[in-house]
Amino acid sequence: MVDIRWIWLFLDTVETDRGPSWEFWRQVTRSALSPTRGERDQFATFLPAHGDPWIKVQGVQTVPVGRTGGVHLDLDVDDPRVAAEEAKGLGAREVGTFTDPDPDGGPDRETVVVMTTPAGQLFCFTTHRGEQRHQHREDEPDLLDQVCLDLAEEDFAVDAVFWHDLTGWDLGAGGAHREFRSLRRPTGIPVRLLVQRLGATTSPPGAHVDLACLDRAATRRQHEGLGATHVGDGPRWSVMRDPVGRIYCLTDRDVVTGTLAPDPVSP
């Protein structure tokens, strides 16, 4: 088990699309955009009005065929190299390393270790720099707080167990929707993890982000006004497409706890 100190939700967008994508997500998260960093100015952080940031954006040169962008997780730990060795013992694979540019213009951060899960899903180990205050505010109408890891049928059980063993977080049974299993994050961690079982596929495993919504219909209207399109609805969620084509979901979850709101009681 690795002691996860903080989680960063990363939105990866093809560099030619990053302008409209970054602006859309900045507006819907009610954030300010940090100065860009990196050799191509490809990185930035969304700065919330309250608490420490947990969302970063990255302009990438390529994405898997058929996708307009991606999502990955950066896991903050005390020692990325030690964490990587632990993850490899659980079936993960190391892809490479690089140096993380300091967002404040100071010396570069310690090495980032790039990994994939047993099923091939990308994530990174990064050095924790002290973030600890994530405020789920009751007066916010919605919150970008969840990454859904989309896995083929044959990969679902393997990667669900991998994330449980890596984090030590309890793995939920899935409730009424058996295609989902959630990992119960510790208090203070800003990002929830949800594992979703899809049909058989030969594509690399992907991920999408979910927003918890106080009023899903109202959030949908706001997002559509900013250029998103509605794709369809599930029992407790709406599937959306952002202005550059990224799929994401609006969900009936409590904005403070992140858990599903109770089913409405019939009169």
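**The whole chain**

Colour the protein chain by secondary structure: four helices and 15 strands should appear. The model is a predicted one, and the selections below follow its residue numbering, which starts from 1. Switching to a surface representation shows an accessible area of about 12,300 Å², with carbon and sulfur atoms contributing 51% of that area. Of the 267 residues, 49% count as buried. If a contact map is at hand, restrict it to pairs with a separation of 6 or more; residues 24 or more positions apart then supply 63% of the contacts.

**The seven-stranded sheet**

Next, select strands S9 to S15. In which order do these seven strands lie in the open sheet? Reading across, the order is S10-S11-S9-S12-S15-S14-S13, and the pairing is mixed. As background, the strands of a sheet pair through backbone hydrogen bonds, in either a parallel or an antiparallel sense.

Which strands stand at the edges? They are strand S10 (180-183) and strand S13 (229-233); each has a single partner strand, so one side of each is left without a neighbour in the sheet. Looking across the sheet, one finds neighbouring strands turned against each other by 30 degrees on average, with direction ignored.

Zoom in on the S13 edge. Strand S14 (residues 237-241) pairs with S13 over four bridges, in the antiparallel sense. Within this region, select histidine 230 and look across to S14, where methionine 240 stands opposite.

**Two helices on the sheet**

Add helix H4, residues 216-225, to the view. This helix packs on the sheet and touches S9, strand S12 (206-213), S13, S14 and strand S15 (247-251). The direction of H4 makes about 145 degrees with that of S15.

Now show helix H3, residues 153-167. H3 also packs on the sheet, with contacts to strand S9 (142-151), S10 and strand S11 (192-197). Relative to the direction of S11, that of H3 makes about 160 degrees.

**Histidine 208, within strand S12**

Return to strand S12 and select histidine 208, which lies in it. Is this residue buried or exposed? Its relative accessibility is 9%, so histidine 208 counts as buried, the cut-off being under 20%. Display the side chains: that of histidine 208 makes a polar contact with the side chain of aspartate 150, at 2.9 Å.

Expanding the selection to contacting residues, and leaving out those up to four places away in sequence, gives Val71, Gln146, Val147, Cys148, Asp150, Gln196, Ile247, Tyr248 and Cys249. The polar partner, Asp150, is thus one of the residues touched by histidine 208.

**Glutamine 27, on helix H1**

Move to helix H1 (residues 18-28) and select glutamine 27. Glutamine 27 is partly exposed, having a relative accessible area of 33%. Which residues does it touch, not counting those up to four places away in sequence? They are Gln222 and Leu226. Draw a distance between the C-alpha atoms of glutamine 27 and leucine 226: the value is 8.3 Å, although these positions lie 199 residues apart along the chain in numbering terms.

**Salt bridges**

Finally, show the charged side chains; the salt bridges in the model come to 17. Begin with aspartate 78 and arginine 5, whose side chains meet at 2.6 Å, N to O. This pair links distant parts of the chain, 73 residues apart: aspartate 78 is in the loop between strand S5 (69-77) and helix H2 (80-89), whereas arginine 5 is in the segment before strand S1 (6-14). Aspartate 78 counts as exposed, at 54% relative accessibility, while arginine 5 is partly exposed at 33%.

Continue into helix H2 and select arginine 81 and glutamate 85. Their closest N and O atoms are 3.2 Å apart, forming a salt bridge. Why do these two positions lie about one helical turn apart? Glutamate 85 and arginine 81 are separated by about one helical turn because they are four residues apart in helix H2. Both are partly exposed, glutamate 85 with a relative accessible area of 42% and arginine 81 with 34%.

Extend the selection to lysine 88 and glutamate 94, which form a salt bridge with closest N and O atoms 3.2 Å apart. Glutamate 94 is partly exposed at 24%, as is lysine 88 at 32%. To close the tour, keep Arg81, Glu85, Lys88 and Glu94 on display together: salt bridges that share partners join these residues into one network.

Note on methods: Predicted model: local features only at pLDDT ≥ 70, side-chain atom pairs only at ≥ 80, totals over all residues. Heavy atoms only, no water. Buried < 20%, exposed > 50% of the residue type's maximum accessible area, 1.4 Å probe, protein only. Contact = heavy atoms within 4.5 Å. Areas by Shrake-Rupley, 256 points an atom, 1.4 Å probe, with all protein chains shown as cover. Salt bridge = Lys/Arg side-chain N within 4 Å of Asp/Glu carboxyl O. Pairing = 2+ DSSP bridges. Axes fitted to C-alpha atoms, helices over the stretch in contact; angles between N-to-C directions. Polar contact = N/O pair within 3.5 Å; in protein donor to acceptor, adjacent residues only side chain to side chain.
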